[in-house]
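Open the model in your viewer and have the selection tool ready. The stops below go from one chain to the other.

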Amino acid sequence: MLELININKTVGGEVYAKDVNLCFKSGTLNILLGPTRSGKTSLMRLMAGLDKPDSGELRFDGNAVTGLRVQKRNVAMVYQQFINYPSLNVFDNIASPLRVAKVPRVDIDRRVKEAAALLKISPYLERHPSELSGGQQQRLALARALVKNAELVLLDEPLANLDYKLREELRDELPEYFRAQGAVLIYATTEPTEALLLGGETAVLHEGSIVQFGATGSVFRLPDNLTTARAFSDPPLNTAEVHISNGMLHHNGNNVTLDSAAAALQDGQYTIGVRPYHLRLNRNGPNDMELSGEVLVNEITGSESFIHFNISGRNWVSLIHEIKNISPRAIISCFIDPNDFYYFYPNGDIALTPQSSEQVN
Amino acid sequence: MRANPTSKGIRASNVPWRYIVPALYILFLMVPLYWLLNMSFKTNQEILSTFSLWPQQFTLENYLLILSDPSWYNGYINSTIYVVLNTVISLAVALPAAYAFSRYRFLGDKHLFFWLLTNRMAPPAVFVLPFFQLYSAFGLIDTHIAVALAHCLFNVPLAVWILEGSMSGIPREIDETAYIDGYSFPQFFFKLFAPLIGSGIGIAAFFCFMFSWVELLIARTLTVTEAKPIAAVMTRTVSASGVDWGVLTAAGALTIIPGAVVIYFVRNHIAKGFALGRV
């Protein structure tokens, strides 16, 4: 079990970690989710012992390890870039943590071969890293992390530089390898979709702070605040400032009658958040809010359309599960069921979660 | 079918030119060297009396004299000793310095790095007098270590510059991965890092060797007899019977050999080393 207690780290006026309190259990998969520069890598470096926190404490299984040198910790780390020792061949690369730890030669041989077999790089043991493909290089880095049997495994966007097929393949396999070892597995990613596919627990980071930590699915469905909802939405969350008074929602001349829970919200200013897939191009219910705007871009994938449009100065995006041939500069209307709104107070805290999200739990 | 006249024209007129220019260039470069070798196999009498493109009376006397007379061959031994010493010291100092410059940010690091290079901009003559006084004060005059240390003045900055470039080409994450794997700093540096910057080390050693080998002013000032370098010996060949041209050119030819040997060893790394070493 790894505990981070009030960890702070500032470098040159830039906040890398701010009052971080986290607790990761052994044998679990934990995801650090946040955009680039949100502090994921910094936090991992602190956990690995490569950097020292300015204040705060790190505990492993109850023992303080804050000042312990990285060499003394049983940690493994895999980077986004494929980091291997270029001068050693694949076998020696995998064997290197064991050699340093003075593991008997017979054991090294066996463990290296096991790890190589698991990560499907057995045929290349004699090759040098530069003679491997990108996917194989990352598998090699993972094998080196795996063979060490570390108690804490840090994977810093390990699949970001791989092509999508390899990514999907490894994403399914990876957690299994390390979970079997009973390690605390920490996985940093910028992609909400990847976090949801991996499952486990997710900590959402924003400018060095943990904004929410919990089971991945529930963090996604029940964000505590606007920052989490924004970070955990791909394509981006649509937001608008609205005013609620007497059970009516007012937005830019739109007046919508609220029912059920939303009607009970106190009068005042709110920010609403709408998931892109809750925007529809036709009216589904009498209470639907209608928003019109000019189409900026329409991205069409194989089976979906991402329609970006401008609603009173804000960029909104709608995810439609069919191919829509709408050209830029057309004016379109979108319809949203107010029951799909997330309501946030002006300070960003959640005021009301859509019922549809609550029910999944 | 007729051959395309245009392409034929290009071939006819361009191909010779493509070779002529470099051929002429190499010819001009090689002529003085050839003349040096040519003279070194002649007798003094032939050098002074006739103009011949190759030795009329081929002789190895000049070389035999150098290889048998201690006042000559000791010059080579002395030069070799302080050059090797200097290369070792320069690298031993420059490796940690370059690692610091490449891996850590500290107050004034960029200024310090540039200041190192400015040491190369001052002519060695500027340093000769202070060096002479200081080395005399410490009783180091006429020792190999004196010259080796003095040459660090311009070799350490150069080595730091080259090594920093080649170290910065290696991602930091390799260092960190090694520490995470459990390597201590010395283990990491010598087992994993040194092979990666091998070309850089080779090139830095090569330049240290060459600059120390060809440097004359400081080496001559700091030595008397015991550590007198070959270049200094060569400047003192005017005897009662005039200049001993044959021996002098033979010494010159022998002086080129160490450089040629060193270049042979680093020939595969030199392009890589230059690119990484931003020289």
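Start with chain B, where 81% of the contacts with a separation of 6 or more are between residues 24 or more positions apart. Keep in mind throughout that this is a predicted model.

**Stop 1: chain B as a whole**

Colour chain B by secondary structure. Chain B has 14 helices and two strands. It is 279 residues long, and 31% of them count as buried.

Now colour residues 5-40 of chain B as domain 1 and residues 64-276 as domain 2. The C-alpha centres of these two domains are 34 Å apart. Where they touch, four residues of domain 1 of chain B are in contact with six residues of domain 2 of chain B. On the domain 1 side, three of the touching residues are nonpolar, one is polar and none is charged.

**Stop 2: a helix in chain B**

Select residues 245-266 of chain B, which form helix α13. Helix α13 of chain B has 22 residues and reaches 33 Å from its first C-alpha to its last, close to the 32 Å expected at 1.5 Å a residue. Which residues of α13(B) are buried? They are Gly246(B), Val247(B), Leu248(B), Thr249(B), Ala250(B), Ala251(B) and Thr255(B).

**Stop 3: where the chains touch**

Show both chains together. How many residues of chain A are in contact with chain B? There are 17, and they meet 14 residues of chain B. Select β6 (75-78) and α2 (90-100) of chain A: these are the elements that give two or more residues to the side of chain A that touches chain B. That side of chain A is made up of 13 nonpolar and four polar residues, with no charged ones.

**Stop 4: helix α2 of chain A**

Stay on α2(A) and show its side chains. Its buried residues are Val90(A), Asn93(A), Ile94(A), Ala95(A), Ser96(A), Pro97(A) and Leu98(A). To see what covers the buried residues of α2(A), add α3 (105-118) and α4 (134-147) of chain A, and also α8 (172-181) of chain B, which are included in that cover. A general point helps when reading any such helix: an α-helix has 3.6 residues a turn, so residues three or four places apart point the same way. Then move on to Lys102(A), which follows α2(A) and has a positive phi, near 60°.

**Stop 5: chain A as a whole**

Zoom out to chain A. Its C-alpha atoms fill a box of roughly 75 × 45 × 40 Å along the principal axes. Chain A contains ten helices and 20 strands. Of its 361 residues, 40% count as buried. In chain A, 65% of the contacts with a separation of 6 or more are between residues 24 or more positions apart.

**Stop 6: strand β7 and its neighbours**

Select residues 152-156 of chain A, which are strand β7. Is β7(A) mostly covered or mostly uncovered? It is mostly covered, with five of its five residues buried. Leu152(A), Leu154(A) and Asp156(A) point one way from the strand, while Val153(A) and Leu155(A) point the other way.

Add β6(A), which runs parallel to β7(A) and is joined to it by four bridges. One bridge to find is that between Met77(A) and Leu154(A). Next add β8 (residues 184-189) of chain A, which pairs with β7(A) in the parallel sense over five bridges. Here Val153(A) has Leu185(A) as its bridge partner. Finally, follow the chain from β7(A) through helix α5 (residues 164-181) of chain A to β8(A): this β-α-β crossover is right-handed.

Key
Residues numbered from 1 in each chain as written. Chains lettered and ligands numbered in written order. Predicted model: local features only at pLDDT ≥ 70, side-chain atom pairs only at ≥ 80, totals over all residues. Contact = placed C-beta atoms within 7 Å. Nonpolar A, V, L, I, M, F, W, Y, C, P; charged D, E, K, R; others polar. Buried ≥ 20, exposed ≤ 12 C-beta atoms within 10 Å, placed from the backbone. Domains from an automatic or database assignment. Expected span 1.5 Å × (residues − 1). Pairing = 2+ DSSP bridges. Right-handed = clockwise from strand over helix to strand, strands pointing away.
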